[in-house]
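Reader: I would like a close look at a single part of this model, namely the open sheet and what packs around it. Could you take me through it step by step, keeping to what can be computed from the atoms?

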Amino acid sequence: MKGYYGGVMNDRHFWLELTDEAQRLSGLYFSGREREVFDSINELMEKHRLPFCFDIWTEKDVISLIFSPEGDLETASAIDTFTKAAPTVPGWSIQSRRSAKGPMDVRAILRNLYFVDPADSRFMFSGEEKRVLKIFLPERSNLTREECVAFGDFLLWHAFGEGLVMTVGLSSEVHLGIPEVQELLTFEAAIDEVRAFLNQAQSRGEESDNPASSSGSGHGVPVAS
C-alpha cells in the first residue's frame with residue numbers, strides 16, 4: 001500500500017463521491033482529457049485515505065477503474081473489501097486486479113511507461129518448478145534495477161492477468177543484455193509458452209479466486225503509485 005488505509009467508512013464516502021462525479025468524469029475522458037480524470041480520481045483517493053494503486057482502461061464506451069495490489073496479498077485482501085462495497089456506476093466497471101490484455105496492448109503499455117518494447121527483448125521460461133519468466137532486455141534499455149523489477153511485474157500482470165499470476169506464483173527475472181543462446185524465445189513465443197503453462201495450472205485446480213476480466217483491446221492511463 002502507498003500509506004495508511006482509512007477503512008470501511010472511507011470506502012463508502014469515496015464511492016458516493018465517485019458516483020456523483022462519474023458522468024462528468026466520463027465526459028472528460030471521452031473528450032480526450034484522460035489525465036484530468038486520472039488526477040481527479042487520485043485526489044479523491046488521497047482525500048479518503050485510500051492508498052491503493054490504480055489504472056484506468058477503456059473498452060468501447062465503458063471505463064474500467066482497476067485497483068492493483070501490486071503483488072501483495074495483504075493489500076489484495078483490503079482491495080477486495082474495498083471493491084465489494086462499490087455501487088453500480090453506469091458506464092463504469094470496477095475491478096480488483098489488472099486484467100490480461102493482448103500482446104499489442106502489453107507492448108504499448110510498457111513502451112509508454114519504460115520506453116522499452118518487449119518485442120525487442122528475449123525470454124526464457126523456467127517451467128513448472130521455478131515458475132520464473134526470465135526477461136533479457138537490450139543493453140540500450142537503460143533501466144535501473146528497480147525499473148527492471150517493475151518492468152517484469154507489469155509485463156506479467158498485463159499479459160496474463162494479475163489475479164492469476166499471484167495465485168499460481170508466477171514471477172519474473174529481468175536482465176540487461178541479451179545472451180547469444182539459441183533457446184531464447186521471442187515476446188510472442190514466450191507469451192504462448194507461459195499461457196500454455198497457466199492453462200495447465202488452471203486444469204489442476206490452481207485458478208485465481210480473483211479472476212481478471214477477459215482480454216481485449218483498449219486504452220489505458222498510467223498507474224498511480
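Author: Two strands are taken to pair if DSSP finds at least two bridges between them. On that basis, and bearing in mind that this is a predicted model, the part in question is an open sheet of 3 strands in the order β4-β5-β6, with mixed pairing. Strands β4 (122-125) and β6 (171-176) stand at the edges, and because each has a single partner strand, one side of each is left without a neighbour in the sheet. From one strand to the next the twist averages 20°.

The pairing of β4 with β5 (residues 132-137) is antiparallel and rests on 4 bridges; within it, F123 of the one strand has I135 in β5 as its bridge partner. Against the sheet packs helix α7 (residues 187-203), which touches β4 and β5 and whose direction makes about 20° with that of β4.

The surroundings of these strands can be followed through the largest nonpolar core, which has 31 residues and in which L133, F151, L155, F160 and L170 have the most contacts. At least two residues of this core are supplied by each of α4 (103-114), β4, β5, α5 (145-160), α6 (162-168) and α7, while the largest share, 8 residues, comes from α5. L170 illustrates how such contacts reach across the sequence: leaving aside its neighbours within four places, L170 is in contact with F125, R131, L156, F160, V165, V194, F197 and L198. Apart from this core lies another, of 24 residues, with F14, Y29, V89 and W92 among them.

Helix α7, which packs on the sheet, also packs with α4, at an angle of about 115° and with the two axes 11 Å apart. The crossing of α4 past α7 is right-handed, and the residues that meet are P103, V106 and R107 in α4 and F187, E188 and R195 in α7. By class, this contact comprises 3 nonpolar and 3 charged residues, with no polar ones.

For a second example of antiparallel pairing, one may turn to β1 (residues 53-59) and β2 (residues 62-68), which are joined over 7 bridges. These two strands form a hairpin with 2 residues between them, and K60 in the turn has a positive phi of about 60°. The bridge partner of D55 in β2 is I66, and β1 is mostly covered, with 6 of its 7 residues buried.

Notes. Residues numbered from 1 in each chain as written. Predicted model: local features only at pLDDT ≥ 70, side-chain atom pairs only at ≥ 80, totals over all residues. Heavy atoms only, no water. Axes fitted to C-alpha atoms, helices over the stretch in contact; angles between N-to-C directions. Contact = heavy atoms within 4.5 Å. Core = buried A, V, L, I, M, F, W, Y, C linked by side-chain atoms within 4.5 Å. Buried < 20%, exposed > 50% of the residue type's maximum accessible area, 1.4 Å probe, protein only. Left-handed = near helix turned anticlockwise from the far one by under 90°. Nonpolar A, V, L, I, M, F, W, Y, C, P; charged D, E, K, R; others polar.
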